[in-house]
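Open the structure in your viewer and keep the selection panel at hand. The stops below are given in the order to select them.

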Amino acid sequence: MNIGIITYHRAENYGSVLQAYALNKYIKNINSKFHVETIDYYNETQEKMYNLFQSNSSIMNIIRNIHTLLNIKALKNKKKAFKKFISIHISLSETIGNDTNKLKQYAQKYDICICGSDQIWNIHCDDQDINYFLSFSTNSRKVAYAP
């Protein structure tokens, strides 16, 4: 059985990455015959949110950029550590990026699609995206996690 999980797995915070890891691992532990992967999807807003430097479109962004410059080494190391953890501990699909058509085509291989963690349901998130509600999945069973 092929299972695809869509979540905010690329957010550079411990909660998002650990929940993505835990759900992936838990499902694999239920039945070792399950092929489980986290769908490597992210949208443009997420890409911008986790850039080290923001556009100089506001005073707040200028202040953030100064803070980044003062802490550049630590911030780069943190970013690198998240990427390393994800690549080692979370089974990822091929990179879909923010291509909805590619996501729709790729999702056809899954018997079950799981969407979740609490943050995808948060209507106040700037990176809200209909794809996190499995709008791309047409032929698989759909499961909501932590709604």
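How many disulfides does the structure hold? This is a predicted model, and its count of disulfides is 0.

Select C113 and C115 to see why. The closest cysteine sulfur to that of C113 belongs to C115, and at 9.0 Å the two are too far apart for a bond, since a disulfide needs sulfur atoms within 2.5 Å. Seen from the other side, the sulfur of C115 has that of C113 as its closest cysteine sulfur, again at 9.0 Å. Colour both by accessibility: C113 is buried, with a relative accessible area of 0%, and C115 is buried at 3%.

Next, select I6, I39, Y41, L103 and F136. Within the largest nonpolar core, which has 17 residues, these touch the most other members. Now add β2 (35–41), α5 (100–106) and β4 (112–116), each of which supplies at least two residues of this core.

Centre the view on I6. Which residues does I6 contact, leaving aside neighbours within four places in sequence? The list is I39, Y41, L103, I114, C115, G116, N131, Y132, L134 and F136.

A separate core of 7 residues lies apart from the largest one; to find this second core, select I3, L23, I27 and I114, which are among its members.

For the last stop, go to helix α3 (residues 59–70), where I59 lies. Is I59 buried or exposed? I59 counts as exposed, with 63% relative accessibility. Draw a distance from its C-alpha atom to that of M1: the two residues are 58 apart along the chain, and the separation is 51 Å.

Methods:
Residues numbered from 1 in each chain as written. Predicted model: local features only at pLDDT ≥ 70, side-chain atom pairs only at ≥ 80, totals over all residues. Heavy atoms only, no water. Buried < 20%, exposed > 50% of the residue type's maximum accessible area, 1.4 Å probe, protein only. Core = buried A, V, L, I, M, F, W, Y, C linked by side-chain atoms within 4.5 Å. Helix = DSSP H or I, 4+ residues; strand = E, 2+ residues; numbered from the N terminus. Contact = heavy atoms within 4.5 Å.
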